[in-house]
Amino acid sequence: MARRKKIYEGKAKDLFEGPEPGTLVQYFKDDATAGNGEKKDVIEGKGALNNRLSEFFMMGLMQIGIPTHFIKRLNMREQLIRQVEIIPLEVIVRNFAAGTMAKRLGLEEGTALPRPIVEFSYKDDSLNDPLVPEEYIIAFGWAGQQELDDIISVALRVNDFLSGTLFGVGIKLIDFKIEIGRLWENDYPRLVVADEISPDSCRLWDIETGEKLDKDVFRRDLGNLTDAYTEVARRLGVLPSNVTHTPTKPTLIN
Ligand code: 5GP
């Protein structure tokens with residue numbers, strides 16, 4: 001039996017050819033990187049937790065009518081997704097100042113913003129994903145004006161959903177990043193939420209204590225990343241039954 005063809009190797013995920021045209025298998029690795037790959041480690045259990053958490057969030061979005069690339073979870077580390085044309089933008093929504101925004105504006109982390117703010121980075125590791133104004137997006141043709149308006153509205157709906165869901169389990173959504181893909185149907189592109197939604201791509205703080213439950217734990221050496229992600233999964237009721245005994249290689253599907 002031939003091994004599935006890997007079509008993309010990312011820092012935290014790989015993509016393989018799917019069983020049917022138009023589908024892919026997204027494999028969640030245990031690799032953690034920060035600072036554009038400068039800091040690297042393998043965190044046992046991270047891939048399985050992110051696979052499960054991303055499934056949970058994507059399913060929730062679909063239940064409130066926001067289309068995503070997600071089809072189904074296949075096993076502990078893999079999910080079946082629709083193949084989409086990724087728009088080369090990181091769509092970031094911020095509710096509280098943190099990270100690069102706090103640094104850029106000299107704001108204390110955790111400062112409430114007057115309203116949710118959507119910003120865009122151009123996805124290019126060699127440039128460190130630079131922040132770009134909307135005008136660049138239109139001028140360079142990364143997305144059209146109508147698409148951009150739709151992306152902002154989807155991002156804000158995702159923010160409402162995630163904020164509410166996480167608030168219900170005592171977690172404050174500080175900010176997050178999503179990626180948007182075009183799904184072509186009869187020559188018309190439909191925008192869908194793609195990539196992943198997990199503690200790798202969100203800032204999550206415990207409402208009571210302010211404890212960080214996201215990738216900043218790794219970026220800033222604040223403790224055990226698996227414990228933090230496990231806590232998020234536990235609160236949301238999506239803890240995988242056995243995080244530690246996970247397959248380390250992609251499994252073949254027929
Ligand atoms: P910041 O711009 O403050 O570094 O990040 C804002 C939010 O977007 C954070 O929740 C962060 O985790 C997420 N984010 C920004 N860039 C990336 C990225 O390249 N990969 C991932 N997984 N998340 C990102």
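Visitor: Let's start with the shell around the ligand. How do its residues divide into nonpolar, polar and charged?
Guide: Four are nonpolar, three are polar and eight are charged. Keep in mind that this is a predicted model.

Visitor: Okay. Which residues come nearest to the ligand?
Guide: R94, T100, D175, R203 and R219 do, out of 15 residues around the ligand.

Visitor: What about T100, what does its side chain do there?
Guide: A polar side-chain atom of T100 lies 2.5 Å from a ligand oxygen atom. E90 also has a polar side-chain atom by a ligand oxygen atom, at 2.9 Å.

Visitor: And the backbone? Which residue puts a polar backbone atom 3.2 Å from a nitrogen atom of the ligand?
Guide: That's D200.

Visitor: How much of the ligand's accessible area does the protein cover?
Guide: 81% of it. On its own, the ligand has 490 Å² of accessible area.

Visitor: Which elements give two or more residues to the shell?
Guide: There are three strands, β9 (89-96), β12 (171-185) and β14 (202-206), plus the helix α2 (99-105).

Visitor: Switching to pockets. Where does the ligand sit?
Guide: The ligand takes up space that is the largest pocket.

Visitor: How much space lies in that one?
Guide: About 1,700 Å³.

Visitor: Which lining residues are closest to the centre of the largest pocket?
Guide: K11, E90, D129, K177 and K215, out of 50 that line the pocket. You met E90 above, with its side-chain atom 2.9 Å from a ligand oxygen atom.

Visitor: Last one. How does the lining of the largest pocket divide?
Guide: Into 24 charged, 14 nonpolar and 12 polar residues.

Methods
Residues are numbered from 1 along each chain as its sequence is written. This is a predicted model: local features need pLDDT of at least 70, side-chain atom pairs count only at pLDDT 80 or more; totals for chains, interfaces and linings use all residues. Side-chain values use heavy atoms; hydrogens and water are left out. A residue is near a molecule or strand if one of its heavy atoms lies within 4 Å of it. A polar contact is a pair of N or O atoms within 3.5 Å; within protein, one must be able to donate a hydrogen and the other to accept it, and residues adjacent in sequence count only if both atoms are side-chain atoms. Accessible areas come from the Shrake-Rupley method with a 1.4 Å probe; for residues, only the protein chains shown count as cover. On a 1 Å grid over the protein atoms alone, a cavity is a set of points where a 1.4 Å probe fits but cannot get out, and a pocket is an open set with protein on both sides within 12 Å along at least five of seven lines; lining residues have an atom within 4 Å of a point. A molecule sits in a cavity or pocket if more than half of its atoms lie within 2 Å of its grid points. Helices (H or I, at least four residues) and strands (E, at least two) are DSSP runs, numbered from the N terminus. Ala, Val, Leu, Ile, Met, Phe, Trp, Tyr, Cys and Pro count as nonpolar, Asp, Glu, Lys and Arg as charged, and the others, Gly among them, as polar. Grid points are joined across faces, edges and corners, and a volume is the space filled by probe spheres set on the points.
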